[in-house]
Amino acid sequence: MEGLVRPHGGKDLKSLLLEGEAREDEIEKAKRLRKIPLTSRETGDLVMLGIGGFTPLDGFMGRDDWKGVCDYLQMPSSDGLFWPIPITLSAAKSLADSIGPGEEVALWDAETNTLMATMTVAEKFTIDKRHECNEVFRTTDLAHPGVKMVMEQAEVNLAGPVRVVSESYFPEQFKGLYQRPAEARAMFAERGWNTVAALQLRNPMHNSHAYLAWIAIEVCDGVYIHQLVGKLKPGDIPADVRARAIDALIAKYFRKERTAMAGYPLEMRYAGPREALLHAVFRQNYGCSHLIVGRDHAGVGDYYGPFDAQRIFQEIPRNALELRPLCMDWTFYCYECGSMASMKTCPHESKAIIDENGRYQSGARLLLSGTLLRKLMSEGKPVPPEFSKPEVIAVLKEYYDRLEHRVEVQLHGAATGAPTGK
Ligand SMILES: [Zn+2]
């Protein structure tokens, strides 16, 4: 292949972000417009619309597209263009009722009180939320964080084209990490890459992820380690810590001319297979020809089979996307193989036993639980180097030490009635 893959839909990237004078004028105009509050998910979606990550969408979806995407993964308004998850905006009924047809409104991020965009309201409609959840998440269980998000949306959806004036806190808070699709494409082109595999990350990068990245480099010109900087579940490791750990890993164990790392602003929906397809759509917009799809991609709990996200790429039409999935099995270090391996390559079925001091005892496949990993780190005991490089562990350990120190300080403060410094 010569040159990078085309953006989704086959035309140019569609950036809806205003700049310079046009942006200033829009901000001025927005002062006179009715305010619509956005949830953090809607803000993340809006930033993606702004920077062209959701090319070729020009705003939040109307009812026909919402239904087409839920039922057939297609947008009737765009000649049946492939799209896997509804991108919608909701507002309280009383607020929606006060908006006239064709009225312009201002979209504000509720958490940070930031003006994000203006929108011409082309359509107001209500949806069957349970239908969306059944189609997109394959469940209506409120314990599923994505389902909860949809069920808690306000009553009325507002649709229409947007003009984006802010990328929220992402460019500043994630300076050097946050990247727009056009910037990624320019970087790939400058490096002479034609084929690029995206590695989706929302956790620290241990050896099993590194192994996927090395395999991707073998079959593509380079790997794009693309981590989520949008919101996660409580208890997950923050993006800046993950980035430092990945930097430490790349610096020592990867060829720099074959490796790039960046962050994207989207919030997790945990929609498993459907979300893997959304990850594919926006990675194609970022210029990636391949997406690594491992075990339980974008899943949560036991809602999806471990390889449902790989299977769904076989079920969509071949021409739905230019990007191709790089499907990989569950990877780990195997003491019998004496190397990194996967369920597809390694014939040794026993699980390696690690004692409470982090030392290898017996067995083959090293599958450390997050709980044991955290316990070893917090007690200052060695994490097997076969599981994670010492440079990565050092960064994570520093983070946990600080966190525990802070918890102790807060507990102490609460116990004595002194201010907690929060
Ligand atoms: Zn083995």
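The following exchange examines how several descriptions of this predicted model are justified.

Me: Which atoms serve as the protein donors of the zinc ion?

Reply: The donors are the SG atoms of Cys 334, Cys 337 and Cys 346, together with ND1 of His 348. They lie 2.1 to 2.3 Å from the zinc ion, and an atom of N, O or S counts as a donor within 2.8 Å of such a metal, so these four qualify. Along the sequence, the donor residues follow the spacing C-x2-C-x8-C-x1-H.

Me: What makes the arrangement around the zinc ion tetrahedral?

Reply: The four donor atoms subtend angles of 105 to 118° at the zinc ion. Four donors count as tetrahedral if all angles lie between 85 and 135 degrees; the arrangement is therefore tetrahedral. For reference, the ideal angle for four tetrahedral donors is 109.5 degrees.

Me: Why is Cys 346 called buried, and why is Cys 337 called partly exposed?

Reply: Cys 346 has a relative accessible area of 5%, which is under the 20% limit, and therefore counts as buried. Cys 337 has 33% relative accessibility, which falls between the limits of 20% and 50%, so Cys 337 is partly exposed.

Me: How do you know that Ala 245 is buried, and what does Ala 245 touch?

Reply: The relative accessibility of Ala 245 is 1%; because buried means under 20%, the residue counts as buried. Ala 245 is placed in helix H10. Leaving aside residues up to four places away in sequence, Ala 245 touches Val 392 and Val 395. The C-alpha atom of Ala 245 is also separated by 9.7 Å from that of Lys 389, although these positions lie 144 residues apart along the chain count.

Me: Which residues of the largest nonpolar core touch the most other members?

Reply: Leu 46, Trp 83, Leu 107, Leu 158, Met 205 and Tyr 224 do so, within a core of 123 residues. Helix H10, residues 239–253, supplies the largest share of this core, with seven residues. Leu 107 illustrates the contacts: among the residues that Leu 107 touches are Ile 36, Leu 38, Phe 60, Leu 89, Met 116 and Val 162. In soluble globular proteins, nonpolar side chains tend to be buried together.

Me: Why does His 226 count as buried?

Reply: His 226 has 0% relative accessibility, under the 20% limit, and so counts as buried. The residue lies in strand S11, residues 222–228. Its contacts beyond four places in sequence include Leu 199, Gln 200, Leu 201, Tyr 264, Phe 282 and Tyr 286.

Me: What covers the buried residues of helix H12?

Reply: The cover includes helix H11 (273–285), strand S13 and strand S14 (324–327). The buried residues of H12, which spans residues 308–315, are Asp 308, Ala 309, Gln 310, Ile 312 and Phe 313.

Me: How many cavities of 30 Å³ or more does a search of the whole structure find?

Reply: The search finds one. About 60 Å³ of space lies in the largest cavity. Its lining includes Arg 41, Glu 132, Phe 137, Met 149 and Arg 269. Helix H6 gives the most to this lining, with three residues.

Me: Which residues lie nearest the centre of the largest pocket?

Reply: Asn 203, His 206, Ser 208, His 209 and Trp 330 lie nearest the centre, out of 46 lining residues. The volume of the pocket is about 1400 Å³. Helix H13 contributes the largest share of the lining, five residues.

Me: What makes the peptide bond between Thr 55 and Pro 56 notable?

Reply: The bond joining Thr 55 and Pro 56 is cis, with omega of about 5°. Pro 56 is in the loop between helix H2 (40–51) and strand S2 (59–60). Most peptide bonds are trans.

Me: Why is Asn 113 described as exposed, and why is Asp 296 described as partly exposed?

Reply: Asn 113 has a relative accessible area of 54%, over the 50% limit, and is therefore exposed. Asp 296 has 26%, which falls between 20% and 50%, so Asp 296 is partly exposed. Asn 113, in the loop between strands S6 and S7, has a positive phi of about 50°. Asp 296, in the loop between S13 and H12, has a positive phi of about 55°. Neither Asn 113 nor Asp 296 is a glycine.

Terms used: Residues are numbered from 1 along each chain as its sequence is written. This is a predicted model: local features need pLDDT of at least 70, side-chain atom pairs count only at pLDDT 80 or more; totals for chains, interfaces and linings use all residues. Side-chain values use heavy atoms; hydrogens and water are left out. Donors are N, O and S atoms within 2.8 Å of the metal (3.2 Å for Na, K and Ca); water is not among the atoms, so sites may look incomplete. Four donors count as tetrahedral if all angles lie between 85 and 135 degrees; four count as square planar and six as octahedral if opposite donors are over 155 degrees apart and all others between 65 and 115; anything else is irregular. Buried means under 20% relative accessible area, exposed over 50%, partly exposed in between (1.4 Å probe, protein chains only). A nonpolar core is a set of buried Ala, Val, Leu, Ile, Met, Phe, Trp, Tyr and Cys residues joined through side-chain atoms within 4.5 Å. Helices (H or I, at least four residues) and strands (E, at least two) are DSSP runs, numbered from the N terminus. Contact means heavy atoms within 4.5 Å. On a 1 Å grid over the protein atoms alone, a cavity is a set of points where a 1.4 Å probe fits but cannot get out, and a pocket is an open set with protein on both sides within 12 Å along at least five of seven lines; lining residues have an atom within 4 Å of a point. Grid points are joined across faces, edges and corners, and a volume is the space filled by probe spheres set on the points.
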